[in-house]
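Let's walk through this model together, starting where two chains meet and then turning to how one of them is divided. Keep the 3D view open as you read.

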Amino acid sequence: MLSIRNIVKQYANHRALDNVSIEIEQGSVFGLLGPNGAGKTSLIRIINQITAPDQGEILLNGEKLNPSHISKIGYLPEERGLYKKMEIGEQMLYLAQLKGLSKTDATARIRYWFEKMGIQSWWNKKVEDLSKGMQQKVQFIATVVHDPELIILDEPFSGFDPVNAQLITNEILELNQKGATIIFSTHRMESVEQLCDSIALIHKSKKILDGKVKDIKNLYRNNTYRIAYSGILNPVETPLFNINEEKKDEEVTHLTIQINPGYSSNDVLKFLIPQVQVTELTEIVPSMNDIFIQNVKN
Amino acid sequence: MNKILLIIKREYFSRVKKKSFLIMTFLVPMLIIGMYALIFALSMKGGDNIPAVEVIDDSGIFNKGLENKKSATFSKSELTLAEAKQKVIKNEDAFVLYIPADIASGGTIEMFSQKKAGLSVISTIENQLNDQMRTKLLADAGIDALTLDKIKPKLSVVSKELTLEGEKDSSSGAAMAVGFAAAILIYMSLFIYGIQVMRGIIEEKTSRIVEVVISSVKPFQLMMGKIIGIGLVGLTQFLLWITLSIGLMTIASQIIFKGKMDQIKSEMPMSKQAAAVNSDGPGMDIIKAVQTVNWPYILPVFIIFFLGGYMLYSALFAAVGSAVDSDTETQQFMLPITLPLLFTYIMSFSFIVNNPDSSLSFWLSIIPFTSPIAMMVRLPFGVPNWELALSIVLLIGGFIFTTWVASRIYRVGILMYGKKVSFAELGKWFMYKE
């Protein structure tokens, strides 16, 4: 749906994006990951046509990005805000019309969302009279009110309280099921594992990793297992695996092992069962957090 | 284009609906009318306590007595000087005018009172005494009053503007006053509305709404929408001020005029009334003078130069607003904006007024950064049409230029948070590619 091709963005003495290419599939929930200052926001601003790249191009549904696409994209920036002195209904109308909606359409959509969020009575309230959590709901509505095909959320959960974060998550997933493509930019990995199908990792202005979450995790599996047993294992030395960590508590021994190439977990079980009572054998799949840290450190 | 209209509408209505706008709009004409009414009231009444002056005339020259005027009334006193002095000491409202016997040979006329007599009282007395003295001296020299009346010259100069369309009365005093007022108004409003543009941008930046908005519209559209919207607010305010002032002034002058007629009727014989209505009182002079000003010429020129100057300077204010995070940081950037304005303002009222046709005045009224104020000051003295046209064209070019420069700084500045910015930095932003 969105093809980011060889994007370069150069600021005076700092290259914010260095030849970044990413493919985002229709209907996916895509995580744009990276530490602070990696270039995520620069890329998002380019997708939103707030700034233009120095090199490269972006295609939306096969078309080169142009002003007509603005109405198809919904953007919740990391730095969020509203006009404090303006009434909420009026403000939503303004923002929706800026996205290209007619006044009648905008009014109907806003009413729909206000009802969905249970905030119908807020229409004439001023933003400065709302709590932070309330403002976040309003901001989210402003992002999706024009029914965008592509929703870009920059650090969406920063500043959201857990209740609102869950509420917003549910809304995002519902929109995704209805066909919207979602891009998340975040450095919080828990939400990535929970929500994203695919990710791209940007570090120091370069894309260093991308693909489906499942595939990436598979890629980073290194045959590490956790086993637990009671009894005495003899001999401990075996060509099957190396022990990374050993811990004994009372009867039970916990081992973290790395199975050597050419062997499988079944081989390990065959080796263990005659000698000890096995209570656990689990593969340790690296979390996105581990993968993230591992990549960023290198 | 549609979106810029939306932005203009928001900027305009969010300001026009504010209470402070309504208050300003109605308060200012009220104040103008109030001042106008005050002048009238004062000129009609001449103060609450009109001094009653007792005149001791030891010379016998002024046996006709003195005429009562607005500023003082007069009566002959039979007291001696010593008695009169006693009276003044005892009575704080007493005024005694003493004319010594040797007045013809250089004696001094004295006024005794506890309170110092007002300047207008003294000048009324001086005028009347001088008149009577002169008549007497002339009579002594053998010239009678009739002959005197005949030879007393009554010349006056009426200024007429002669153009191809014919001649008409003009009052250069009123035209100058209007030109100066227009210059001051432009000077003040450039600041007032320019700073509103700057504040509006700082507000959008600090509230972070700007990033949401510029994901929908180009930064240039947002900036222009704001500048135009606020400019229209200024224009609305001016138009309301003008119509309200004229309306209120008409009503007020009707009321006062009627009051004056009544007063004249009771005070004067019929034959003098008409003359009095036409000439008497500063209030009538103001109305007459205001009518002589060439409004259909001055108003459009004023509006063009206000709008041109506003667009030119507000673009610079916009650039400053985009570069900072709060009002307090604006100061270093304000200097290059305020300096030319202040310079023109000072030059206008110290130099141009006295040398409206000098080459310096010409250049000040042609260069876009100074012309909105300087041209207004020159206007009453007559500015050739080609100069006016050149100045307007350059002003338009000037604001296109500043808007272009400002928009290049603005598009980068609004996305920069928490950074102390220098002029060199602004230059870098300006050079950034799209």
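About 2,500 Å² is buried between chain B and chain A, and carbon and sulfur atoms give 59% of that area. On the chain B side, the residues that lose the most area to chain A are R10(B), E211(B) and S215(B), which together make up 23% of what that side buries. Bear in mind as you look around that this is a predicted model.

If you select the residues in contact, you will pick up 24 from chain B and 28 from chain A. Where on chain B do they come from? Helices α1 (2–16), α6 (172–206) and α7 (209–214) of chain B each supply at least two residues of the side that touches chain A. Among these elements, α7(B) gives the largest share, 5 residues. Sorted by class, the chain B side holds 10 nonpolar, 3 polar and 11 charged residues.

With those charged residues in mind, you may want to look for ion pairs. There are 2 salt bridges between chain B and chain A. One of them links K17(B) to E90(A), with 3.8 Å between the closest N and O atoms. That distance counts because the cut-off for a salt bridge is 4 Å. Polar contacts cross this interface too: 6 residue pairs qualify, with both partners at pLDDT 80 or more.

Now let's stay within chain A. The domain assignment splits chain A into domain 1 (2–218) and domain 2 (222–297). Taken over C-alpha atoms, the centres of these two domains of chain A lie 42 Å apart. Domain 1 of chain A brings 14 residues to the contact between them, and domain 2 of chain A brings 9.

How much area is buried between the two domains of chain A? The figure is about 950 Å², with carbon and sulfur atoms giving 80% of it. No salt bridges are found across this domain interface of chain A, while 2 residue pairs are in polar contact, both residues being at pLDDT 80 or more.

To find the domain 1 side in your viewer, go to α6 (189–195), β9 (198–203), β10 (206–212) and α7 (213–220) of chain A, each of which supplies at least two residues of the surface touching domain 2 of chain A. By class, that side of domain 1 of chain A has 10 nonpolar, 2 polar and 2 charged residues.

Notes:
Residues are numbered from 1 along each chain as its sequence is written. Chains are lettered from A and ligands numbered from 1 in the order in which they are written. This is a predicted model: local features need pLDDT of at least 70, side-chain atom pairs count only at pLDDT 80 or more; totals for chains, interfaces and linings use all residues. Side-chain values use heavy atoms; hydrogens and water are left out. Contact means heavy atoms within 4.5 Å. Buried area is the accessible area (1.4 Å probe) that two parts lose on being put together, summed over both. A salt bridge is a side-chain nitrogen of Lys or Arg within 4 Å of a carboxyl oxygen of Asp or Glu. A polar contact is a pair of N or O atoms within 3.5 Å; within protein, one must be able to donate a hydrogen and the other to accept it, and residues adjacent in sequence count only if both atoms are side-chain atoms. Helices (H or I, at least four residues) and strands (E, at least two) are DSSP runs, numbered from the N terminus. Ala, Val, Leu, Ile, Met, Phe, Trp, Tyr, Cys and Pro count as nonpolar, Asp, Glu, Lys and Arg as charged, and the others, Gly among them, as polar. Domain bounds come from an automatic or database domain assignment.
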